[in-house]
Amino acid sequence: MPRIIVERSFEQPLTEEQLKATEARMTPCLDLYRVRWIRSFWSADRQRMICEYEAPDAASVTSVQREAEAKFDRVWPADVLGEQ
């Protein structure tokens with residue numbers, strides 16, 4: 001299944017509480033669109049985040065983000081380098 005990347009940026013550092021609230025809203029949407037979260041990277045200043053998903057397409061991941069009211073800048077399909 002394709003890998004999809006979501007880029008996020010925040011004007012103020014994201015708090016743990018905000019992150020948990022977004023995750024709670026997103027969880028029911030993931031199964032609905034057949035999207036699986038793989039991992040996320042959070043910048044040290046907590047103002048940027050990159051999230052990796054496995055999904056049928058970028059539109060599915062975009063739908064999850066919008067329905068969960070998760071802030072995002074871009075969603076794009078990716079090829080994995082170095083994976084065996």
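These are my notebook entries on one protein chain, looked up in a predicted model.

**Overall fold**

I began with the secondary structure, and I counted two helices and four strands in the protein chain. Reading from the N terminus, I wrote down the order of these elements as β-α-β-β-α-β. I then looked up the radius of gyration, which is 12 Å and close to the 12 Å that the globule rule gives for 84 residues, so I noted the chain as being as compact as a globular protein of that length. For the outer dimensions, I noted that the C-alpha atoms fill a box of roughly 35 × 30 × 20 Å along the principal axes.

**Contacts, surface and charge**

Next I asked myself what share of the contacts with a separation of 6 or more comes from residues 24 or more positions apart. I found that such residues account for 73% of those contacts in the protein chain. Buried residues make up 36% of the 84 residues, and the chain exposes about 5600 Å², of which carbon and sulfur atoms supply 52%. I also looked up the charges, and I recorded 12 positive and 15 negative ones, whose mean positions are 1 Å apart.

**The nonpolar core**

I turned to the largest nonpolar core, which has 18 residues, and I wrote down Met26, Val35, Tyr53 and Val61 as the members that touch the most other members. Strand E1 (3-9), helix H1 (16-32), strand E3 and helix H2 (58-67) each supply at least two residues of this core, and H1 gives the most, with four residues.

I followed Val61 further and, leaving aside its neighbours within four places in sequence, I found it in contact with Ile4, Val6, Val35, Tyr53, Ala55 and Val75. Among these partners, Val35 and Tyr53 are also on my list of the core members with the most touches.

**Gln65**

I then looked at Gln65, which has its place in helix H2, and I asked whether this residue is buried or exposed. Its relative accessibility is 0%, and because buried means under 20%, I entered Gln65 as buried. Not counting residues up to four places away in sequence, Gln65 touches Val6, Arg8, Met26, Tyr53, Ala70 and Phe72.

**Two arginines with positive phi**

My last entries concern two loop residues, beginning with Arg34, which I found in the loop between H1 and E2. The phi of Arg34 is near 60°, a positive value in a residue other than glycine. With 56% relative accessibility, Arg34 counts as exposed.

Arg46 lies in the loop between strand E2 (36-42) and strand E3 (48-54), and I noted for Arg46 a positive phi of about 60°, although it is not a glycine. Its relative accessible area is 32%, so I entered Arg46 as partly exposed. Looking past residues up to four places away in sequence, I found that Arg46 touches Phe10, Gln12, Pro13, Leu14 and Glu16. How far apart in space are Arg46 and Tyr33, which are 13 residues apart in sequence? From C-alpha to C-alpha, I recorded 28 Å between Arg46 and Tyr33.

How values were computed:
Residues are numbered from 1 along each chain as its sequence is written. This is a predicted model: local features need pLDDT of at least 70, side-chain atom pairs count only at pLDDT 80 or more; totals for chains, interfaces and linings use all residues. Side-chain values use heavy atoms; hydrogens and water are left out. The radius of gyration is taken over C-alpha atoms; the globule rule is 2.2 Å times the number of residues to the power 0.38. Buried means under 20% relative accessible area, exposed over 50%, partly exposed in between (1.4 Å probe, protein chains only). Contact means heavy atoms within 4.5 Å. Accessible areas come from the Shrake-Rupley method with a 1.4 Å probe; for residues, only the protein chains shown count as cover. Lys and Arg count as positive and Asp and Glu as negative; His and the chain ends are not counted. The place of a charge is taken as NZ of Lys, CZ of Arg, CG of Asp or CD of Glu. A nonpolar core is a set of buried Ala, Val, Leu, Ile, Met, Phe, Trp, Tyr and Cys residues joined through side-chain atoms within 4.5 Å.
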